[in-house]
Amino acid sequence: MNVKTVLILLVLALATIFALVCVLLTRGRAPSTCQPQHPEQEDTDDGQSLVFADLTPEEMVQVVRYLQENLGVPLVDASRAFPSDNCIFSVDVQVPAKAEVLRFLDGGGARPAREALAVLYFGNQPDPNITEYVVGPLPTPAYHRDVTVQKYGGRVPYHRRPTLAVEYKQIAGFLRSQVFSTAPSFMHQVIEYNETSLAAMTTAPRGFQSGDRATWFVLFQNVSGFFLHPVGLEVLVDHSSLDISQWVVSRVFYNGQYYRDMVQLESAYVQGRISVEKVKKAPRDGDFSSMKPRAPPAAMFPLQYEPQGPRYSVRNNHVVFQAWSFAFGMSVNTGMRLFDVRYQGERVVYEISVQEALSVYGSNCPGGMSTRYMDGSFGIGRFTSPLVRGVDCPYSATYMDVYYLAQSQVSRTTKNALCVFEHNLGSPLRRHYSNLQSFYYGGLVNSALIVRSIATLGNYDYVWDFIFYQNGAIEAKVQATGYVSSSFLHGDGLRYGNRVWEHTLGTIHTHSINYKVDLDVGGFVCPELRLVWDLQGKWASIPWMEV
């Protein structure tokens, strides 16, 4: 064996030893993999989506200041206004006309003027009315124009105004000081009343003919989840007068019987001429209506995990997710809305938004049988509630605050009012496992992007979702949770619902949800559709043209 051969064998031996050492040193370690890096979603919006953006708190301040200085009438803060005062009901963004926006987005036109829509109550005038003004340009207002007649075809009578929170407080004070005191024996012996023991639930509408402003108030025990604790007493308050000293109770209802007023009810009770159903006093936590968990905490729930961070981006009011992009906002009255929805860069929807949530009730009690709630009049956006991480939305979701001005001269902030997150739908978008001829597997993960808000309107919590799928589909979804609305169970009450407690009737009702969907498909501007969904799962489309 010559020297050259020996050297070759030695090199091979050293290489073998080195390879063995490497294997031994790396045994048990996780294999080194080249993880795919998802580039951040490219947002090419360049601030154009701000044409749809909600008002900032600073802009709201400027609008209020302008109105105070330029309307020529005194404005009382709505949080302490009487019906006979002038006040600002709400201030929201005035979304520019669609034609103006499209010229700006698509045709290189000028950015539309940024404006606000202010709704004012004028109670301190010879002809009290509701007036709507467009105020602009923001951020430094210099003009306002009355758009009431243009929108509604005439002046809006004052009796049609949505009830202010302070008016409810004034009605509660009226009941405590002037109404309940006229039936002392009944209130103390039957209802076990003190000034903090009752809660009242409003009904709507406030009458049955134009000009009415009279509301049935249903009384409950003031405990947690009071919606399920009716006491059997309901009162009809006529609060049509702008002078609250002129308010009166025009009817009273107790346990299936109507009375002229509380004085007549007291007289009938003292004389033993009424049937009394005394409700067992509930503990402060509401007992069966408490939201406290009935069982000890279980193991932690599964958590959603994004190993490389979110695959979507949120900048200002603009969201980009894979082939999708859109602008979002929150109307103080109607809630969540989306604009300029695009798929692969092409606009498919100009606007999709919640418009109204209507619930119609039935009961053998006057409050329940007359109720037709239109939640937009209370403010779906105004009552959007903070979202709780890990319950209302995943921990890893992106949360955004919402600013609004309603029934006050000062803006309010709802923290974490909107969330955006990608959700694994739990089944493959497509897959195939081949076991004939050739052997292979192919599959795609199925996920969707969800934009969510939750509005709490009285007893109901509405979970509003807009869902964007990878296949180009959009879903608008609403779920109702919270508490059922109830009446006092008496007589033939079970014809109108189901018993949920000894004296509690869960009343029959129907929900109708109205959406605005303005489709722009294939370059064609389609007639706007208003879509209504009811509990029977039926859709009705109502054509609506907007110029």
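**A walk from helix α7 outward**

In this predicted model, helix α7 spans residues 262–270, and its buried residues are Met-262, Leu-265, Glu-266, Ala-268 and Tyr-269. Around the helix axis they cover an arc of only 165°, which puts them on the same side of α7. That fits a general pattern: an α-helix has 3.6 residues a turn, so residues three or four places apart point the same way.

What lies over these buried residues? The cover includes the helices α5 (165–179) and α6 (184–189), along with the strands β8 (230–238), β9 (248–254) and β10 (257–259).

Now look at the two ends of α7. At the N-terminal end, Asp-261 acts as a cap, with a side-chain oxygen 3.2 Å from the backbone nitrogen of Val-263. After the helix comes Gly-272, whose phi is positive, near 75°.

The strands deserve a visit of their own. An open sheet of 5 strands runs in the order β6-β7-β8-β9-β10, with antiparallel pairing. Because β6 (198–202) and β10 stand at the edges with a single partner strand each, one side of each is left without a neighbour in the sheet. On average, neighbouring strands of this sheet are turned by 25° against each other, direction ignored. Between β9 and β10 there are 3 bridges in the antiparallel sense, and Val-252 has Tyr-259 of β10 as its bridge partner.

Finally, turn to the nonpolar cores. The largest has 44 residues, and Trp-464 and Phe-468 have the most contacts inside it. Apart from that core lies another, of 28 residues, which brings us back to α7: among its members are Val-190, Tyr-193, Val-231 and Ala-268.

Notes:
Residues numbered from 1 in each chain as written. Predicted model: local features only at pLDDT ≥ 70, side-chain atom pairs only at ≥ 80, totals over all residues. Heavy atoms only, no water. Buried < 20%, exposed > 50% of the residue type's maximum accessible area, 1.4 Å probe, protein only. Helix = DSSP H or I, 4+ residues; strand = E, 2+ residues; numbered from the N terminus. Arc of directions from axis to C-beta. Contact = heavy atoms within 4.5 Å. Polar contact = N/O pair within 3.5 Å; in protein donor to acceptor, adjacent residues only side chain to side chain. Core = buried A, V, L, I, M, F, W, Y, C linked by side-chain atoms within 4.5 Å. Pairing = 2+ DSSP bridges. Axes fitted to C-alpha atoms, helices over the stretch in contact; angles between N-to-C directions.
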